[in-house]
Amino acid sequence: MVDRNVLPPRRAAETFDLPFGGLNRNHAVTVGYYDDGRLGEVFITGGKSGEAVEAVARDGAVLLSLALQYGVPLETVARAITRDSQNQPSSIIGAVVDRLLVKETGDGGTDAEP
């Protein structure tokens, strides 16, 4: 089994807003980085506290963070998420992954099939 690469207690982070799913307000996404600049964690909040969409977003961010910490490339996650017939992500997690790929690669493209 591969070891988990735990983030340092103090680390660079950034927050951005991301609209998704026709909600009246954006999701707030915070990403944390390792000292070498690699992405290591993701937090997502959106919707009303206690709503299912909020819980799914938060739990999905935890799973995405763990995948990153165990060395799963962001591109692999992007190819694995559910997409609609126009190859757009079907969940806020997918929207966050695509946004992070744009930042990381400059193009955000995936080879995912619709």
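These are my notebook entries on a predicted model, arranged by the part of the chain I was looking at.

**Entry 1: helix H1**

I began with helix H1, which covers residues 52-69 and so counts 18 residues by the run assignment. From its first C-alpha to its last I find 26 Å, close to the 26 Å expected at 1.5 Å a residue. I then looked up which of its residues are buried, and the list is Glu 54, Ala 57, Gly 60, Ala 61, Leu 64, Ser 65, Ala 67, Leu 68 and Gln 69. The cover over the buried residues of H1 includes strand E3 (39-45), helix H2 (74-80) and helix H3 (92-105). Just after H1, I noted that Gly 71 has a positive phi of about 90°.

**Entry 2: Ser 65, a polar residue of H1**

I wanted to know what Ser 65, which lies in helix H1, touches beyond its sequence neighbours. With residues within four places in sequence left aside, Ser 65 is in contact with Gly 40, Glu 41 and Val 42. Its relative accessibility is 8%, and because the limit for buried is under 20%, Ser 65 counts as buried.

**Entry 3: the pair inside H1**

Still in H1, I looked at the side chains of Arg 58 and Glu 54, which meet in a salt bridge at 3.8 Å, N to O. Why can these two be described as about one helical turn apart? They are separated in that way because they stand 4 residues apart in helix H1. As a general point, an α-helix has 3.6 residues a turn, so residues three or four places apart point the same way. The two partners differ in exposure: Glu 54 is buried, with a relative accessible area of 9%, whereas Arg 58 counts as partly exposed at 46% relative accessibility.

**Entry 4: the other salt bridges I looked up**

The count of salt bridges comes to 5, and I followed two further ones in detail. The side chains of Glu 41 and Arg 11 meet at 2.6 Å, N to O. This pair links distant parts of the chain, since Glu 41 is in strand E3 and Arg 11 is in the segment before E1, 30 residues apart. Glu 41 counts as buried at 10% relative accessibility, while Arg 11 counts as partly exposed at 33%. Glu 41 is also among the contacts of Ser 65 that I listed above.

The other pair is Asp 36 and Arg 38, whose side chains meet in a salt bridge at 2.8 Å, N to O. Here I find Asp 36 to be exposed at 53% relative accessibility, and Arg 38 to be partly exposed at 38%.

**Entry 5: the nonpolar core**

Which residues have the most contacts inside the largest nonpolar core? They are Val 42 and Ile 44, in a core of 23 residues. The elements that give two or more residues to this core are E1 (13-18), strand E2 (27-33), E3, H1, H2 and H3. H3 gives the most, with 7 residues.

I then listed the contacts of Ile 44, again leaving aside neighbours within four places in sequence: His 27, Ala 28, Val 29, Ala 57, Arg 58, Ala 61, Ile 92, Ile 93 and Val 96. Arg 58 in this list is the residue that forms the salt bridge with Glu 54, and Ala 57 and Ala 61 are among the buried residues of H1.

**Entry 6: a nonpolar patch on the surface**

I also looked for nonpolar side chains on the outside, and found that Met 1, Val 2, Val 62, Leu 63, Leu 66 and Tyr 70 form a surface patch with about 660 Å² of accessible area together. Val 2, found in the segment before strand E1, counts as exposed because its relative accessibility is 57% and the limit is over 50%.

**Entry 7: two asparagines in loops**

Asn 26 has its place in the loop between E1 and E2, and with a relative accessible area of 38% it is partly exposed. Its C-alpha atom is separated by 9.4 Å from that of Phe 16, 10 residues apart along the chain. Not counting residues up to four places away in sequence, Asn 26 touches Asp 17, Leu 18, Pro 19, Thr 45 and Gly 46.

Asn 87 is in the loop between H2 and H3, and I noted that it has a positive phi of about 65° although it is not a glycine.

Terms used: Residues are numbered from 1 along each chain as its sequence is written. This is a predicted model: local features need pLDDT of at least 70, side-chain atom pairs count only at pLDDT 80 or more; totals for chains, interfaces and linings use all residues. Side-chain values use heavy atoms; hydrogens and water are left out. Patches are made of residues with over 30% relative accessible area and no salt bridge: like charges are joined within 9 Å, nonpolar side chains (Val, Leu, Ile, Met, Phe, Trp, Tyr) within 5 Å. Accessible areas come from the Shrake-Rupley method with a 1.4 Å probe; for residues, only the protein chains shown count as cover. A salt bridge is a side-chain nitrogen of Lys or Arg within 4 Å of a carboxyl oxygen of Asp or Glu. Buried means under 20% relative accessible area, exposed over 50%, partly exposed in between (1.4 Å probe, protein chains only). The expected span of a helix is 1.5 Å times one less than its number of residues. Contact means heavy atoms within 4.5 Å. A nonpolar core is a set of buried Ala, Val, Leu, Ile, Met, Phe, Trp, Tyr and Cys residues joined through side-chain atoms within 4.5 Å.
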